[in-house]
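Colleague: Could you take one part of this model and look at it closely, working outward from there to the rest of the assembly? I would like the reasoning spelled out, and a word on how far the coordinates can be trusted.

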Amino acid sequence: MPEVLSLNALDARYGDFQALFGVDMTLAEGEVIAIIGANGAGKTTMLRSISGLLKNKPGQIVYRGRPIGGLRADVVAHLGIALVPEGRQLFPSLSVEENLLLGGKVGRPGPWSLEKVYDLFPILKERRRQASTSLSGGQQQMVAIGRALMANPDLVMFDEISLGLAPVVIKSIYDALPGIVGEGMTAMIVEQDILKALSVSSRVYCLQEGRVSLEARTEDVTHDQITQAYFGVVA
Amino acid sequence: MIEWVGAIVQGTLLGGLYALFAAGLSLIFGVMRLVNIAHGDLIVLAAYLGLSTTLMLGVHPFVALIVVMPLMAAIGYALQRGVLNRTLGPDILPPLLVTFGLSVILQNALLEGFTADPQKLNGGAIETASLAVGGLAVGVLPLLTFAIAVAVIAGLQWVFYATALGRGFRAVSDNQDIAQIMGLNKAHVFGLAMALALAVTAIAGILLGMRTSFDPAIGGGRLIFGFEAVIIGGLGNLWGTLAGGVILGVAQTLGAKIDPGYQVLAGHIAFLVVLAVRPNGLFPRVEH
């Protein structure tokens, strides 16, 4: 499978604070990988770097053979990388449908359209005229996912999609994931809920204090390996 | 009695002009949280561009808008991309200082180019025409100004809430980072917002120039009236801005009725009263 994304010794900083140290990672076409790690391990920083919100050296992030580490976020979006941000971050001034339409702003061709998103999450069609902030947390997460899909991305990154949601809602969202990834999309799932993340991915990376502490195939990984990589101690 | 009614009508119509001063200010603040100290001077610049166009082409000031509106929009886009975008950030001081500097530069450039002599745009017969309405003589130009203000605000409202451009404005205003991730280049969106604001400013400048004489130093006063209209109406609400303009205009004409020296003072007092009673303005934007 051709490589979609590779991180090459990625360093990332916020001013003087270095959040990532030499992170190496690869992602093949159609692959779903899970990124796990404790709070502050650098997961969100990594996604912000890939999506262009944090500037890096160009060659540290390569997308389909093209160095993109120094590009602006809107340029990266047009290349086909979408992010479902942590905490949903919908636009409060926009209705549900307007949030989705804004996601389609990049105008890439592909299978996803307003209708298709409404098929995936029918409740959103009922609520499409409402302010996005009037929805429940789970419905807001559906809007955030739909908004990312509307861009018809090649690579979609999910940041903590289960955070703050009720278990039954998390289940319904994860149930929808195969339908999304089945469209040939490559995905990166950042998740606190390790079991959930492992259940939908083929490989897993664990970050610890800004470094990759584990890289494994999901089917091979053991509980002890994860504990060690996650906390840095032997359980 | 009829004189007081007349003053209220005049004030209401004057409020349309103030709303036009304020609309651009309100739009820019709404989209990018930029307080543009040079806004009044940009209105005066538009009046001078109107003057030059009418003199050069021998056309009516309203026809000059065909030149002045795109010109002001282009100036706005270039100004935003070239200068103002660099000042935007977590610190609110740089845009204030830079637009203050811009105000000084504009005033002095206009002084160099046009001298300090008061100028006026010649609107012809429309300036003195009036309609008799129930014993009152209502000027056609003020009436037209008010109608234009309503149309401009309805148009801006439509752009904001019914077009993809407006969706982009609101998205960038809500969350710049996420808007950028959705493929919106905020530098460009801000440029478009400033272009739109200065196109409205062009209309305000032309109407100002037809109504009264102007010179390079009057920008500051127009800025204050615009600010007061925005704040009275409530930030982020364009119809509120129109209401704010009307309240300010009525207060001023009623003040002038009591004593001509009280005109500006009465406006400021009305502003302070509103601020004291409703610090967020009369119609602050309802948060969804």
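Modeller: A:H223 belongs to helix α9 of chain A, which covers residues 223-231, and the model in which we see it is a predicted one. The residue is classed as exposed because there are 9 C-beta neighbours inside 10 Å, and the exposed class takes residues with 12 or fewer. A second residue helps to place A:H223 in the chain: A:R129 is 94 residues away in sequence, and the two C-alpha atoms are 46 Å apart in space. That distance can be read beside the box filled by the C-alpha atoms of chain A, which is roughly 50 × 35 × 35 Å along the principal axes.

The overall dimensions of the chain fit this picture. For 235 residues a compact globule would have a radius of gyration near 18 Å, and the 17 Å of chain A agrees with that. Of these 235 residues, 46% count as buried, and among the contacts of chain A with a separation of 6 or more, 66% are between residues 24 or more positions apart. In terms of secondary structure, chain A has nine helices and 10 strands.

Six strands of chain A form an open sheet with mixed pairing, in the order β6-β7-β8-β3-β9-β10. Strands β6 (81-84) and β10 (211-217) of chain A have a single partner strand each, so they stand at the edges and one side of each lacks a neighbour in the sheet. On average, and with direction ignored, neighbouring strands of this sheet are turned by 15° against each other. Strands of a sheet pair through backbone hydrogen bonds, and they may do so parallel or antiparallel.

Both arrangements can be followed here. Strand β7 (residues 155-159) of chain A runs parallel to strand β8 (residues 186-190) of chain A, with five bridges joining them, and A:M157 has A:M188 of β8(A) opposite. Strand β9 (residues 203-208) of chain A, by contrast, runs antiparallel to β10(A) and is joined to that strand by six bridges, with A:R203 opposite A:R217 of β10(A). The hairpin of β9(A) and β10(A) has two residues between the strands, and A:E209 in this hairpin takes a positive phi near 45°.

Two further residues deserve a check of their backbone angles. A:A9 has a phi near 50°, positive although the residue is not glycine, and its place is in strand β1 (residues 3-14) of chain A. A:A9 is exposed, with 12 other C-beta atoms within 10 Å. In the other chain, B:R33 also has a positive phi, of about 55°, without being a glycine, but this residue lies in the loop between α1 (2-32) and α2 (39-57) of chain B. B:R33 too is exposed, with 12 other C-beta atoms within 10 Å.

Turning to the interface, 23 residues of chain A are in contact with 15 residues of chain B. On the side of chain A that touches chain B, the elements giving two or more residues are α2 (73-79) and α3 (96-103) of chain A, and by class that side has 13 nonpolar, seven polar and three charged residues. Helix α3 of chain A appears again when one looks from the other chain: it is included in what covers the buried residues of α6(B), together with α1, α5 (140-162), α7 (176-181) and α8 (186-211) of chain B. The residues buried in that helix, α6 (residues 164-174) of chain B, include B:F169, B:A171 and B:V172, as well as B:G166 and B:G168.

As for confidence, the model scores ipTM 0.91 and pTM 0.92. Chain A has a mean pLDDT of 92, with 99% of its residues at 70 or more. Within chain A the lowest confidence is in helix α7 (residues 167-181), at a mean of 85, and the highest is in strand β4 (residues 61-63), at 97. Chain B averages a pLDDT of 94, and 99% of the residues there score at least 70. Its lowest value, a mean of 90, falls in strand β1 (residues 130-133) of chain B, while helix α3 (residues 61-82) of chain B has the highest, at 98. Where pLDDT is low, the predicted coordinates should not be read in detail.

Methods:
Residues are numbered from 1 along each chain as its sequence is written. Chains are lettered from A and ligands numbered from 1 in the order in which they are written. This is a predicted model: local features need pLDDT of at least 70, side-chain atom pairs count only at pLDDT 80 or more; totals for chains, interfaces and linings use all residues. Two residues are in contact if their C-beta atoms, placed from the backbone, lie within 7 Å. Helices (H or I, at least four residues) and strands (E, at least two) are DSSP runs, numbered from the N terminus. Ala, Val, Leu, Ile, Met, Phe, Trp, Tyr, Cys and Pro count as nonpolar, Asp, Glu, Lys and Arg as charged, and the others, Gly among them, as polar. The radius of gyration is taken over C-alpha atoms; the globule rule is 2.2 Å times the number of residues to the power 0.38. A residue is buried if 20 or more other C-beta atoms lie within 10 Å of its own, exposed if 12 or fewer, and partly exposed in between; C-beta atoms are placed from the backbone. Two strands pair if DSSP finds at least two bridges between them. Axes are lines fitted to C-alpha atoms, for helices over the stretch in contact, and angles run from 0 to 180 degrees between N-to-C directions. pLDDT is the predictor's confidence in each residue, from 0 to 100.
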